[in-house]
Amino acid sequence: MEREKWLFIDSGNCDPAYNMALDEALLTWHSEGKIPPVIRFYGWNPATLSIGYFQKAEKEINLEAVEKYGLGFVRRPTGGRGVLHDQELTYSVIVTEEHHNMPKTVTEAYRVISEGILQGFRNLGLDAYFAIPRTEEEKAGLKNPRSAVCFDAPSWYELVVEGRKVAGSAQTRQKGVILQHGSILLDLDEDKLFDLFVYSSERVRERMQKAFKNKAVAMNQLRETPVTQEEAKKAFHAGFEEGLHLDLQPYTLNEEQEKEVEQIAESRYRSKEWTFRR
């Protein structure tokens with residue numbers, strides 16, 4: 001059976017506002033029928049803390065620490081909690097809700113899209129599987145997350161290796177299109193990550209950080225030989241092709257498209273009104 005063709009963009013390391021603006025632009029162009037579905041890989045320059053659409057920046061984030069570490073800071077168009085984008089491969093998937101392979105519910109669409117990530121981990125020799133909350137307590141924890149840190153707990157169908165979360169994703173649906181993007185951790189500086197959030201007391205921070213070690217892990221903590229960015233890209237590129245039964249066609253934005261992305265970055269993702277809106 002002939003495999004469906006989707007676009008593939010490797011943006012390299014871009015500034016945070018541009019990264020969010022390009023995901024938004026791809027969603028819009030796909031909704032208008034200008035481009036087919038697309039998978040994109042990217043990195044961050046500088047390393048960045050992104051917060052979810054509904055988070056309260058000034059209440060939950062230690063903005064002095066963000067500045068101290070020289071990090072970028074951006075609000076995502078997707079929900080979820082704070083993510084430190086540093087030593088990772090970031091991906092996004094843009095596909096219409098009407099696509100014949102896409103289930104109607106968010107969690108089931110998550111599962112289908114995440115098949116590509118699952119396969120990528122397996123290509124790197126890691127025995128990844130989907131997190132499925134089993135107890136009522138685990139399910140309740142998903143509805144009422146106690147922490148502002150994204151990797152604090154796996155959500156439905158997020159990727160887990162040896163019981164710990166290795167990738168975190170978020171999804172939004174706008175204009176009839178699904179945008180799912182997420183972080184695939186290569187390495188993680190836990191102290192830096194936990195410096196970026198506000199806690200009611202030092203004891204609470206210590207307790208959360210200690211618990212975090214049992215809940216999340218970076219890929220290179222699980223492998224004898226570290227994975228490079230390039231190896232990760234190859235493994236997950238093949239993973240998406242295998243997991244979603246696709247042929248990915250390289251795509252480069254034209255000048256007009258680049259201008260449109262820059263306009264979105266400037267008007268929304270670089271504006272304080274957007275970043276500190278809640």
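The paragraphs below walk through a few helices, a small group of strands and some charged pairs in this structure. Keep in mind as you look around that the model is predicted.

Let's start at helix α7, which spans residues 202–212. Its buried residues are Val204, Arg205, Met208, Gln209 and Phe212. These residues cover an arc of only 125° around the axis, so they sit on the same side of α7. If you turn to the other side of α7, you will find Glu202, Arg203, Arg207 and Lys210, which are exposed. What do the buried residues of α7 pack against? Their partner is α6, residues 190–195.

The loop between α6 and α7 holds tyrosine 199, a good next stop. Its relative accessibility is 19%, and because buried means under 20%, tyrosine 199 counts as buried. Leaving aside residues up to four places away in sequence, tyrosine 199 touches Phe194, Arg205 and Met208. Two of these names, Arg205 and Met208, will be familiar from the list of buried residues in α7. With phenylalanine 194 there is also a polar approach: a polar atom of the tyrosine 199 side chain lies 2.6 Å from the backbone oxygen of phenylalanine 194. Looking further along the chain, tyrosine 199 and isoleucine 61 are 138 residues apart in sequence, yet their C-alpha atoms are 9.2 Å apart in space.

Helix α6 also takes part in a link of another kind. Lysine 192 in α6 and aspartate 86, in the loop between β5 (83–85) and β6 (88–96), are 106 residues apart, and their side chains meet in a salt bridge with an N to O distance of 3.3 Å. Is each partner buried or partly exposed? Lysine 192 counts as buried, at 15% relative accessibility, while aspartate 86 is partly exposed, with 30%.

Now move to helix α1, residues 16–31, and look for asparagine 19. With a relative accessibility of 0%, asparagine 19 counts as buried. What does its side chain meet there? A polar contact of 2.6 Å joins it to the side chain of arginine 40, and one of its polar atoms lies 3.4 Å from the backbone oxygen of cysteine 14. Setting aside residues up to four places away in sequence, the residues that asparagine 19 touches are Cys14, Arg40, Tyr42, Gly43 and Trp44.

For a look at strands, find the open sheet of three in the order β7-β8-β9, where the pairing is antiparallel. Its edge strands are β7 (128–130) and β9 (164–165), each pairing on one side only. Strand β8, residues 159–161, pairs with β9 over two bridges, and valine 160 stands opposite lysine 165 in β9. Helix α4, residues 106–123, packs on this sheet and touches β7 and β8, with its direction making about 165° with that of β7.

Stay with α4 for one more charged pair. Arginine 111 and glutamate 108 meet through their side chains in a salt bridge of 3.0 Å, N to O. Being three residues apart in α4, arginine 111 and glutamate 108 are separated by about one helical turn. Arginine 111 is partly exposed, with a relative accessible area of 27%, and glutamate 108 is partly exposed with 27%. Elsewhere, salt bridges that share partners join Asp15, Glu262, Glu266 and Arg270 into one network. The structure holds 16 salt bridges, including the one between glutamate 32 and lysine 34.

Methods. Residues numbered from 1 in each chain as written. Predicted model: local features only at pLDDT ≥ 70, side-chain atom pairs only at ≥ 80, totals over all residues. Heavy atoms only, no water. Buried < 20%, exposed > 50% of the residue type's maximum accessible area, 1.4 Å probe, protein only. Helix = DSSP H or I, 4+ residues; strand = E, 2+ residues; numbered from the N terminus. Arc of directions from axis to C-beta. Contact = heavy atoms within 4.5 Å. Polar contact = N/O pair within 3.5 Å; in protein donor to acceptor, adjacent residues only side chain to side chain. Pairing = 2+ DSSP bridges. Axes fitted to C-alpha atoms, helices over the stretch in contact; angles between N-to-C directions. Salt bridge = Lys/Arg side-chain N within 4 Å of Asp/Glu carboxyl O.
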